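Me: I would like a close look at a single part of this model, with the cut-offs stated as you go. Please take the structure below as the starting point.

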Amino acid sequence: MAQKQPAPIPLHHDAHGQSVASWTSVSIIALGALVGTIAVVVGRPALLVAAAIVVILGAVAGKVLAAMGFGVSGKPGH
(Lines give C-alpha, C1' and ligand atoms only; values in the text may rest on other atoms or scores of the structure.)
Protein backbone atom coordinates (compact mmCIF):
# COMPACT_ATOMS: atom_id res chain seq x y z
CA MET A 1 0.00 0.00 0.00
CA ALA A 2 1.40 3.39 -1.01
CA GLN A 3 1.69 6.10 1.60
CA LYS A 4 0.29 9.56 0.96
CA GLN A 5 2.81 12.33 0.60
CA PRO A 6 2.37 15.25 2.98
CA ALA A 7 1.22 18.54 1.50
CA PRO A 8 4.11 20.82 0.56
CA ILE A 9 4.84 23.66 2.96
CA PRO A 10 4.71 27.06 1.27
CA LEU A 11 8.08 28.79 1.39
CA HIS A 12 6.75 32.34 1.23
CA HIS A 13 4.01 33.85 3.37
CA ASP A 14 2.79 36.95 1.57
CA ALA A 15 0.41 38.19 4.22
CA HIS A 16 1.97 37.13 7.49
CA GLY A 17 0.46 39.91 9.60
CA GLN A 18 1.53 42.68 7.27
CA SER A 19 -1.55 44.84 7.31
CA VAL A 20 -2.66 48.11 8.79
CA ALA A 21 -5.27 46.29 10.88
CA SER A 22 -2.79 43.91 12.46
CA TRP A 23 -0.10 46.53 13.13
CA THR A 24 -2.63 48.90 14.66
CA SER A 25 -4.18 46.20 16.82
CA VAL A 26 -0.86 44.89 18.09
CA SER A 27 0.45 48.39 18.79
CA ILE A 28 -2.60 49.35 20.85
CA ILE A 29 -2.57 46.05 22.73
CA ALA A 30 1.17 46.44 23.48
CA LEU A 31 0.55 49.95 24.81
CA GLY A 32 -2.22 48.59 27.04
CA ALA A 33 0.09 45.84 28.30
CA LEU A 34 2.79 48.40 29.09
CA VAL A 35 0.34 50.60 31.00
CA GLY A 36 -0.99 47.53 32.81
CA THR A 37 2.50 46.52 33.83
CA ILE A 38 3.20 49.98 35.19
CA ALA A 39 -0.14 49.94 37.02
CA VAL A 40 0.76 46.69 38.78
CA VAL A 41 4.20 47.98 39.76
CA VAL A 42 2.90 51.26 41.21
CA GLY A 43 -0.20 49.62 42.71
CA ARG A 44 -2.96 51.55 40.92
CA PRO A 45 -6.01 49.32 40.35
CA ALA A 46 -7.87 52.04 38.41
CA LEU A 47 -4.97 52.33 35.99
CA LEU A 48 -4.96 48.55 35.58
CA VAL A 49 -8.65 48.62 34.66
CA ALA A 50 -7.94 51.39 32.15
CA ALA A 51 -5.14 49.30 30.64
CA ALA A 52 -7.47 46.32 30.29
CA ILE A 53 -9.95 48.54 28.46
CA VAL A 54 -7.18 49.72 26.12
CA VAL A 55 -6.28 46.10 25.34
CA ILE A 56 -9.91 45.31 24.51
CA LEU A 57 -10.15 48.44 22.35
CA GLY A 58 -7.02 47.33 20.49
CA ALA A 59 -8.61 44.02 19.60
CA VAL A 60 -11.82 45.76 18.51
CA ALA A 61 -9.85 48.29 16.44
CA GLY A 62 -8.12 45.48 14.57
CA LYS A 63 -11.40 43.77 13.75
CA VAL A 64 -13.02 47.04 12.65
CA LEU A 65 -10.07 47.94 10.42
CA ALA A 66 -10.05 44.47 8.90
CA ALA A 67 -13.79 44.76 8.20
CA MET A 68 -13.15 48.11 6.51
CA GLY A 69 -10.66 46.51 4.12
CA PHE A 70 -7.38 47.23 5.89
CA GLY A 71 -6.75 43.59 6.76
CA VAL A 72 -4.68 40.93 5.03
CA SER A 73 -7.17 40.29 2.25
CA GLY A 74 -7.69 43.99 1.52
CA LYS A 75 -11.39 43.34 0.92
CA PRO A 76 -14.05 44.93 3.12
CA GLY A 77 -15.83 42.42 5.32
CA HIS A 78 -13.07 39.77 5.20
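Which residues does valine 55 touch, not counting residues up to four places away in sequence?

Reply: Valine 55 touches Ile29, Gly32 and Ala33 once residues up to four places away in sequence are set aside, where contact means heavy atoms within 4.5 Å. Before going further, the basis should be stated: this is a predicted model, in which local features need pLDDT of at least 70 and side-chain atom pairs count only at pLDDT 80 or more, while totals for chains, interfaces and linings use all residues. Residues are numbered from 1 along each chain as its sequence is written, and side-chain values use heavy atoms, with hydrogens and water left out.

Valine 55 lies in helix α2, helices being DSSP runs of H or I with at least four residues and strands runs of E with at least two, numbered from the N terminus. The C-alpha atoms of valine 55 and isoleucine 29 are separated by 4.5 Å, although the two residues are 26 residues apart along the chain. With a relative accessible area of 31%, valine 55 is partly exposed; buried means under 20% relative accessible area, exposed over 50%, and partly exposed in between, with a 1.4 Å probe and protein chains only.

The surroundings of valine 55 belong to a protein with two helices and zero strands. Helix α1 covers residues 20-42, and its 23 residues reach 33 Å from the first C-alpha to the last, close to the 33 Å expected at 1.5 Å a residue, where the expected span is 1.5 Å times one less than the number of residues. Helix α2 covers residues 45-70; its 26 residues should span 38 Å, and its end C-alpha atoms are 35 Å apart, which agrees. Just after α1, glycine 43 takes a positive phi of about 75°.

The buried residues of the two helices can be read together. Those of α1 are Ala21, Ser25, Gly32, Gly36 and Ala39, and what covers them includes α2. Those of α2 are Ala51, Gly58, Gly62, Leu65, Ala66 and Gly69, and they pack against α1. Gly32, which valine 55 touches, is thus listed among the buried residues of α1.

Serine 25, in helix α1, offers a further view of this packing. Serine 25 counts as buried because its relative accessibility is 13%, and, leaving aside its neighbours within four places in sequence, it is in contact with Gly58, Ala59 and Gly62. Its side chain reaches the backbone oxygen of glycine 58 at 3.0 Å.

Serine 19 is found in the segment before α1, and with a relative accessible area of 8% it is buried. Apart from its neighbours within four places in sequence, serine 19 is in contact with Phe70, Gly71 and Val72.

Phe70 also takes part in a nonpolar patch on the surface, formed with Val20, Ile56, Val60, Val64 and Met68, which has about 550 Å² of accessible area together. Helix α2 supplies the largest share of the patch, five residues, whereas Val20 lies in helix α1 and is partly exposed at 47% relative accessibility.

For the protein as a whole, buried residues make up 17% of the 78 residues. The accessible surface comes to about 6200 Å², of which 73% belongs to carbon and sulfur atoms, as given by the Shrake-Rupley method with a 1.4 Å probe.

Key:
Patch = residues over 30% accessible without salt bridge, like charges linked within 9 Å, V, L, I, M, F, W, Y side chains within 5 Å. Salt bridge = Lys/Arg side-chain N within 4 Å of Asp/Glu carboxyl O. Polar contact = N/O pair within 3.5 Å; in protein donor to acceptor, adjacent residues only side chain to side chain.
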